[in-house]
Amino acid sequence: GLDMVYHHGQAGETYNIGGCNERENLYLANAICRILDQFEPSRRQEYGLQSFADLIGFVTDRPGHDRRYAIDPSKIQDELGWKAEEDFESGIKKTVEWYRKNG
């Protein structure tokens with residue numbers, strides 16, 4: 001998406017790059033935990049956890065907290081023909097794998 005905007009976007013324009021995969025924060029946290037459960041079972045057991053999701057805690061929302069974060073990528077799709085190649089599930093798995101190797 002960034003390469004498409006750099007080479008084909010109009011100077012001064014704004015393009016939202018996204019895959020139309022809006023998820024709640026809790027869904028995202030649980031998805032990451034499921035992946036870690038799969039890749040790090042011995043570490044999970046070392047901490048005495050059934051799942052890394054056992055570590056998720058809830059806090060009071062901070063004042064002014066946004067109730068929703070979402071973007072509309074229709075402009076980059078319509079004007080530049082860009083579309084995400086990854087869906088949420090494959091993308092989050094690759095992201096977690098990258099951080100495990102490089103973090």
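**Figure 1. The largest nonpolar core of the predicted model is made up of five residues.** A31, I35, F88, I92 and V96 form this core. Two elements, α2 (25-39) and α5 (88-102), each give two or more residues to the core. The helix that gives the most is α5, with three residues. F88 has a relative accessibility of 12%, and because the limit for burial is under 20%, F88 counts as buried. In soluble globular proteins, nonpolar side chains tend to be buried together.

**Figure 2. I32 of helix α2 is in contact with two residues, I92 and V96.** These contacts leave aside neighbours of I32 within four places in sequence. Both I92 and V96 also belong to the largest nonpolar core. I32 has a relative accessible area of 29% and is therefore partly exposed, since that class lies between 20% and 50%. The C-alpha atoms of I32 and N102 are separated by 16 Å, and the two residues are 70 residues apart along the chain.

**Figure 3. The rings of Y27 and F88 form one of the two aromatic pairs found in the whole structure.** The ring centres of Y27 and F88 are 5.7 Å apart and the ring planes are at 55°, so the pair is tilted. Y27 lies in helix α2, whereas F88 lies in helix α5, so the pair ties together parts that are 61 residues apart in sequence. Y27, at 34% relative accessibility, counts as partly exposed, while F88, at 12%, counts as buried. F88 is also one of the residues of the largest nonpolar core.

**Figure 4. W98 and Y99 form an edge-to-face aromatic pair.** The centres of the W98 and Y99 rings are 5.0 Å apart, and the angle between the planes is 85°; the pair is therefore edge-to-face, a class that requires over 60 degrees. W98 has a relative accessibility of 49% and counts as partly exposed. Y99, with a relative accessible area of 53%, is exposed. The cut-off between these two classes is 50%, so W98 is assigned to the partly exposed class and Y99 to the exposed class.

**Figure 5. I17 is placed in the loop between α1 (2-8) and α2.** Not counting residues up to four places away in sequence, I17 touches G1, L2, V5, I71, I76 and W82. The C-alpha atoms of I17 and K75 are 9.0 Å apart in space, although the two residues are 58 residues apart in sequence. I17 has a relative accessible area of 33% and is partly exposed.

**Figure 6. C20, in the loop between α1 and α2, has a positive phi.** The phi of C20 is about 55°, and C20 is not a glycine. Most residues other than glycine have a negative phi. C20 is exposed, with a relative accessible area of 58%. C33, by contrast, is buried, with a relative accessible area of 9%. A search of the whole structure finds zero disulfides.

**Figure 7. The chain that frames these views has five helices and zero strands.** Along the sequence, the pattern of elements is α-α-α-α-α. The radius of gyration of the chain is 18 Å, well over the 13 Å that the globule rule gives for 103 residues, so the chain is more spread out than a compact globule. Taken along the principal axes, the C-alpha atoms fill a box of roughly 55 × 35 × 20 Å. Buried residues make up 18% of the 103 residues. The accessible surface comes to about 8,300 Å², and carbon and sulfur atoms account for 49% of this surface. Of the contacts in the chain with a separation of 6 or more, 70% are between residues 24 or more positions apart.

Terms used. Residues numbered from 1 in each chain as written. Predicted model: local features only at pLDDT ≥ 70, side-chain atom pairs only at ≥ 80, totals over all residues. Heavy atoms only, no water. Core = buried A, V, L, I, M, F, W, Y, C linked by side-chain atoms within 4.5 Å. Buried < 20%, exposed > 50% of the residue type's maximum accessible area, 1.4 Å probe, protein only. Helix = DSSP H or I, 4+ residues; strand = E, 2+ residues; numbered from the N terminus. Disulfide = S-S within 2.5 Å. Contact = heavy atoms within 4.5 Å. Rg over C-alpha atoms; globule rule 2.2 N^0.38 Å. Areas by Shrake-Rupley, 256 points an atom, 1.4 Å probe, with all protein chains shown as cover. Phe/Tyr/Trp six-rings, centres within 6.5 Å; stacked < 30°, edge-to-face > 60°.
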